[in-house]
Amino acid sequence: MKLAARSRARRSVLGHDCGKFAITGGRLVAVIPPMCHVCGLDLWAVSGPVDEHFVLVHFGGDAPVPEGWVGHPPNAVWFCREHASVALERAAMPYQAALAEIDAVVGRSVS
Ligand SMILES: [Zn+2]
């Protein structure tokens, strides 16, 4: 990826409002950059706006965000556009159960 494309991608992430980035007391906290849970596609392999390539899926259930939480929500996981549908179909599930089921569906083994 050319430097200009990377720079555009970074700006796109910083301008994306999904809770990945927060500035608290002048500090940048808790950053999880886009990387598909299934295939590992990451920000550096693509160019253009993040939303064109990735979806941040917020799973329900077992990990409520504590009051005053800043940064990446514990139940939010990145997926590329190709794998987003398998995740969105399970968005109402607790995230650990959803990820286990997604792994089984796509044949991804986790050790
Ligand atoms: Zn993917």
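**Exercise 1. Locate Val38 and describe its surroundings.**

Solution. Step 1: Val38 lies in the loop that connects strand 2 (27–29) with strand 3 (54–58). Helices (H or I, at least four residues) and strands (E, at least two) are DSSP runs, numbered from the N terminus. Residues are numbered from 1 along each chain as its sequence is written. The model is a predicted one, in which local features need pLDDT of at least 70 and side-chain atom pairs count only at pLDDT 80 or more, while totals for chains, interfaces and linings use all residues.

Step 2: Is Val38 buried or exposed? A residue is buried if 20 or more other C-beta atoms lie within 10 Å of its own, exposed if 12 or fewer, and partly exposed in between, with C-beta atoms placed from the backbone. Val38 has 21 other C-beta atoms within 10 Å and is therefore buried.

Step 3: Two residues are in contact if their C-beta atoms, placed from the backbone, lie within 7 Å. Leaving aside neighbours within four places in sequence, the contacts of Val38 are Phe79, His83, Ile102, Val106 and Arg108. Val106 is 68 residues away from Val38 along the chain, yet their C-alpha atoms are separated by 7.6 Å.

**Exercise 2. Describe the overall layout of the chain.**

Solution. Step 1: The chain contains three helices and four strands, and their order along the sequence is α-β-β-β-β-α-α.

Step 2: Of the 111 residues in the chain, 23% are buried.

Step 3: Among contacts between residues at least 6 apart in sequence, 63% join residues at least 24 apart.

**Exercise 3. Establish how strand 3 and strand 4 are arranged, and place Phe54 and His72.**

Solution. Step 1: Strand 3 and strand 4 pair in the antiparallel sense over five bridges; two strands pair if DSSP finds at least two bridges between them. One of the bridges joins His58 to Ala76 in strand 4.

Step 2: Four of the five residues of strand 4 are buried, so this strand is mostly covered.

Step 3: Phe54 belongs to strand 3. Because Phe54 has 25 C-beta neighbours inside 10 Å, it counts as buried. Apart from residues up to four places away in sequence, Phe54 touches Pro34, Trp78, Phe79 and Cys80. The C-alpha atoms of Phe54 and Cys80 are 4.3 Å apart, although 26 residues separate them along the chain.

Step 4: His72 sits in the loop between strand 3 and strand 4. With 20 other C-beta atoms within 10 Å, His72 is buried.

**Exercise 4. Identify the central members of the largest nonpolar core.**

Solution. Step 1: A nonpolar core is a set of buried Ala, Val, Leu, Ile, Met, Phe, Trp, Tyr and Cys residues joined through C-beta atoms within 7 Å. In soluble globular proteins, nonpolar side chains tend to be buried together.

Step 2: The largest core has 17 residues, of which Cys36, Phe54, Val57, Val77, Trp78 and Phe79 touch the most other members. Strand 3, strand 4 (76–80) and helix 3 (95–106) each supply at least two residues of this core.

Step 3: Beyond neighbours within four places in sequence, Trp78 is in contact with Pro34, Met35, Cys36, His37, Phe54 and Leu56.

**Exercise 5. Determine which side of helix 3 is buried.**

Solution. Step 1: Tyr95, Ala98, Leu99 and Ile102 are buried in helix 3. They cover an arc of only 95° around the axis, which puts them on the same side of helix 3; the arc is that of the directions from the helix axis to the C-beta atoms.

Step 2: The buried residues of helix 3 pack against strand 4 and helix 2 (81–88). Just after helix 3, Gly107 takes a positive phi of about 75°.

**Exercise 6. Decide where the model calls for caution.**

Solution. Step 1: pLDDT is the predictor's confidence in each residue, from 0 to 100. The chain has a mean pLDDT of 78, with 66% of its residues at 70 or more.

Step 2: Among the elements of the chain, helix 1 (residues 3–15) has the lowest mean pLDDT (46), and helix 2 has the highest (96). Over residues 5–20 the pLDDT is below 50. Where pLDDT is low, the predicted coordinates should not be read in detail.
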